[in-house]
Each structure stands twice: as C-alpha cells, then as structure tokens.
Amino acid sequence: MIRKCAAIIINNKKLLVVRKHKTSIYISPGGKIEGNETQIECLNREIQEEIGVTFINPIHFSIDYAKSIFEGESIEINSWFIDIIGDPFPCSEIIDLKWITSKEAEKMQIGSIFKDSIIPKLKNIGLIE
C-alpha cells in the first residue's frame, strides 16, 4: 500500500487543487511519504516542491483509502488542513492550480478520494461552497 499525505488548503470557501504535467486530473497538493519521513515532513517537502510555499498550523482531517489513478495500487491518504504562507504557484511537476468550489469540482476531473470523500465532507461542514 502506498502512503500519501494531502494538503487541504482553503481560501474564501474555495479549495486549492493542482494538476501534474501529462494528466487532466486535478488532485490536492501533497505526495508519497519517503523513507522515515513523518507526515508533516512529507507535506512540508511536497508543498514547497509543488506550489512554492511553506505552511503553518497543520491539523489532521481524515484518513481515506482508494486505488490510485496514477500508480494503480491501493493508497492511504492522510489529509491535513494547512495555512499557507505566500501565494501558491505551479512548480516542479505541477502545471496548473485552481481554487474551486464543490460545484466546480463536479464538472472537473478530480482524484477519486477528494471527489468522492474529502470535498463532500468539506461542503457538509461549511468550509467550502
């Protein structure tokens, strides 16, 4: 099983999603835990690499399981609320980023865990539109 960490970044009731090169699917910033990294160390590395910012105030939100669209294997995703410092911009393997509402997510290709689980939860508790 692949273990990943995902960032939940919300601004003005919109969720930040990113898209990697050579794919049309939007996902949350984050990635695979490497070696003996903690989840926070993984998030710190991935957030800096993918969207060029740092963060504060990590709060664990959920653990979800699914089959990865990219690796074709089972994955465990730990999702964390974070407050970013700076303005995010596409870096490294990221080619695009968007701030979206739950309505916009319904019309986009979004990674399954976020589309089927995280976004509905965030909408139900009033954190995103």
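## What counts as buried

A residue is called buried here when its relative accessible area is under 20%. By that cut-off Cys 42 is buried, since its relative accessibility is 0%. Keep in mind that the structure is a predicted model, so everything below describes a prediction.

## Two cysteines and no bond

Cys 5 also falls under the cut-off: its relative accessible area is 2%, so it is buried. So we have Cys 5 and Cys 42 both tucked away from the probe. Are they bonded or unbonded? A disulfide would need the two sulfur atoms to be within 2.5 Å. The sulfur of Cys 42 is 4.4 Å from the closest cysteine sulfur, the one in Cys 5, and that is too far for a bond.

The view from the other end agrees: Cys 5 is in no disulfide, and the nearest cysteine sulfur to it belongs to Cys 42. Searching the whole structure turns up zero disulfides.

## The sheet

Four strands make an open sheet, and their order is S5-S1-S7-S6. The pairing is mixed. At the edges sit strand S5 (30–32) and strand S6 (54–67), each of which pairs on one side only. From one strand to the next, the twist averages 20°.

S1 has a partner on each side in that order, S5 and S7. With S5 it pairs in the antiparallel sense, over three bridges. Two of the matches are easy to pick out: Cys 5 has Gly 31 in S5 as its bridge partner, and Ala 6 has Gly 30 in S5. S1 and S7, on the other hand, run parallel and are joined by seven bridges. There, Ile 8 stands opposite Phe 81 in S7.

How many of the seven residues of S1 are buried? Six of them are, so S1 is largely enclosed by the rest of the structure.

## Helices against the sheet

Helix H1 (residues 39–51) lies across S1, S5, S6 and S7. Its direction runs at about 120° to that of S5. H3 packs on the sheet as well, touching S1, S6 and S7. Relative to S6, the direction of H3 makes about 125°.

## Two nonpolar cores

The largest nonpolar core holds 19 residues. Which members touch the most other members? They are Ile 8, Leu 15, Ile 100, Ile 110, Phe 114, Ile 119 and Leu 122. Strand S1 (2–8), strand S3 (14–20), strand S7 (74–85) and helix H3 (112–124) are the elements that give two or more residues to this core. H3 supplies the largest share, with five residues.

Apart from it lies another core, this one of 18 residues. Its members include Cys 5, Ile 33, Leu 43 and Ile 47. Cys 5, then, is both a bridge partner of Gly 31 in S5 and a member of this other core.

Back in the largest core, Ile 100 is worth a closer look. Skipping residues up to four places away in sequence, Ile 100 touches Lys 14, Leu 15, Val 17, Ala 105, Met 108, Ile 110 and Ile 119. Three of the names in that list, Leu 15, Ile 110 and Ile 119, also appear among the core members that touch the most others.

## Polar side chains on S7 and S6

Glu 76 is in strand S7. Is it buried or exposed? At 14% relative accessible area, Glu 76 is buried. Its side chain makes a polar contact of 3.1 Å with the side chain of Tyr 65. Leaving out residues up to four places away in sequence, Glu 76 touches Met 1, Ile 2, Arg 3, Lys 4, Ile 63, Asp 64 and Tyr 65.

His 60 sits in strand S6. Its relative accessible area is 34%, so it is partly exposed. The side chains of His 60 and Asn 78 are joined by a polar contact of 2.8 Å. A polar atom of the His 60 side chain also lies 3.5 Å from the backbone oxygen of Ser 62.

Beyond its neighbours within four places in sequence, His 60 is in contact with Gln 39, Asn 78, Ser 79 and Trp 80. Gln 39 is 21 residues away from His 60 along the chain, and their C-alpha atoms are separated by 9.8 Å.

How values were computed. Residues numbered from 1 in each chain as written. Predicted model: local features only at pLDDT ≥ 70, side-chain atom pairs only at ≥ 80, totals over all residues. Heavy atoms only, no water. Buried < 20%, exposed > 50% of the residue type's maximum accessible area, 1.4 Å probe, protein only. Core = buried A, V, L, I, M, F, W, Y, C linked by side-chain atoms within 4.5 Å. Contact = heavy atoms within 4.5 Å. Pairing = 2+ DSSP bridges. Axes fitted to C-alpha atoms, helices over the stretch in contact; angles between N-to-C directions. Polar contact = N/O pair within 3.5 Å; in protein donor to acceptor, adjacent residues only side chain to side chain.
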